[in-house]
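Here is a short report on one protein chain. It begins with a single residue and works outward to the fold, the core and the backbone.

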Amino acid sequence: MLKIHHLGHSQSERVVWLCEELGVPYELAKYTRDAITRLSPPELKALHPLGAAPLIEFDGHLLAESAAIVEFILARYGDGRLQYGPEHPDFAAYLHWFHFANGNLQPAMLRAMTVGRCGLASDHPVQAATRERLDKVLALVEMQLVQNDYLAGDEFTAADIMSVFSLTTMRLFYPLELSPYPGIAAYLQRMGARPAYQRAMAKGDPDLTPMLT
């Protein structure tokens, strides 16, 4: 059976959610962040040199990196579900938004959080450039979701599973007001209504009320 090493309040919620959507049986090993540093505990660091989460165990192997894990699970258990193949008209859009999550959205949020903690003035060039980049990223997501119910088009896919963390749980670390983004706000309500998402969050992060507004 697949074993998911899940760090609370982290990107590993993606893997739990994906397994719930696909009905993949799994064992869940849960870890809690250090109360002061907010970093991984020693038990998780003992499994991986970077103390990375998520990690999955399968057939005596370990795999890290949430995008790699999502692709692995889709390939092994998906049977074509939650993804588009090359013949689908939205295949390119699916690939774009799947990789946009960790290529642009999450890095922009993380940079904004890091720079925001440096104590720079609001008009400092680094602060301004970082916020400008995040605004552009969010505006692109907003434009897509105003026109489509899901990031890759008309159907829910793994591109959505990859992206929701940055728009919800990541806001624990970098507060973000969603009122300028009604398309994103409506989208998060749709995501939060999915039974598999609700099950995943209840199992992986029962202490957390999902930040869907």
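## A glutamine in a helix

Leaving aside residues up to four places away in sequence, Q127 touches V115, G116, L120, A121 and S122. The model is predicted. Q127 sits in helix α5. Is Q127 buried or exposed? Its relative accessible area is 17%. The cut-off for buried is under 20%, so Q127 counts as buried.

## Overall fold

The protein has eight helices and four strands. Along the sequence, these elements run β-α-β-α-β-β-α-α-α-α-α-α. The radius of gyration is 17 Å, close to the 17 Å that the globule rule gives for 213 residues, so the protein is as compact as a globular protein of that length. The C-alpha trace spans about 50 × 45 × 30 Å along its principal axes.

Of the 213 residues, 49% are buried. Contacts reach along the chain: among those between residues at least 6 apart in sequence, 69% join residues at least 24 apart.

## Surface and charge

The protein exposes about 10,200 Å². Carbon and sulfur atoms supply 56% of that area. There are 18 positive and 24 negative charges. The mean positions of the two sets are 5 Å apart.

## Nonpolar cores

In soluble globular proteins, nonpolar side chains tend to be buried together. In this protein, the largest nonpolar core has 61 residues. Which residues have the most contacts inside it? They are W17 and I184. Helix α4, residues 91-116, gives the largest share of this core, with ten residues.

I184 touches L138, V141, E142, L145, L167 and L178, again not counting residues up to four places away in sequence. A second core is separate and has seven residues. Among them are A29, A52, L55 and A64.

## Two covered helices

Helix α1 is mostly covered, with ten of its ten residues buried. W17 is one of these buried residues. So are charged-type names in the list, including E13, R14, E20 and E21. The nonpolar members include V15, V16, L18 and L22. Just after α1, G23 takes a positive phi of about 70°.Helix α6, residues 158-167, is mostly covered too: ten of its ten residues are buried. The buried residues of α6 include A158, D160, I161, M162, F165 and L167. What do the buried residues of α6 pack against? Their partners are α1, α3, α4, α5, α7 and α8. Here α3 covers residues 66-77, α5 covers 125-147 and α7 covers 182-192. L167, buried in α6, is also one of the residues that I184 touches.

## A glycine in helix α8

G204 lies in helix α8. It is buried, with a relative accessible area of 6%. Not counting residues up to four places away in sequence, G204 touches H6, L28 and K30.

How many residues separate G204 and W17 along the chain? The count is 187. Their C-alpha atoms are separated by 9.1 Å. W17 is buried in α1, and W17 is one of the two residues with the most contacts inside the largest core.

## Backbone exceptions

Most residues other than glycine have a negative phi, and most peptide bonds are trans. Three places in this model depart from that pattern.

The peptide bond from A53 to P54 is cis, with omega near 5°. P54 is in the loop between α2, residues 42-45, and β3, residues 55-58.

E65 is not a glycine, yet its phi is positive, at about 75°. E65 is in the loop between β4, residues 61-64, and α3. Is E65 buried or exposed? Its relative accessibility is 54%, so E65 counts as exposed.

L82 is not a glycine either, and its phi is positive, at about 60°. L82 is in the loop between α3 and α4. Unlike E65, which is exposed, L82 is buried, with a relative accessible area of 16%.

Definitions and conventions: Residues numbered from 1 in each chain as written. Predicted model: local features only at pLDDT ≥ 70, side-chain atom pairs only at ≥ 80, totals over all residues. Heavy atoms only, no water. Helix = DSSP H or I, 4+ residues; strand = E, 2+ residues; numbered from the N terminus. Rg over C-alpha atoms; globule rule 2.2 N^0.38 Å. Buried < 20%, exposed > 50% of the residue type's maximum accessible area, 1.4 Å probe, protein only. Contact = heavy atoms within 4.5 Å. Areas by Shrake-Rupley, 256 points an atom, 1.4 Å probe, with all protein chains shown as cover. Lys, Arg positive; Asp, Glu negative; His and termini not counted. Charge placed at Lys NZ, Arg CZ, Asp CG, Glu CD. Core = buried A, V, L, I, M, F, W, Y, C linked by side-chain atoms within 4.5 Å.
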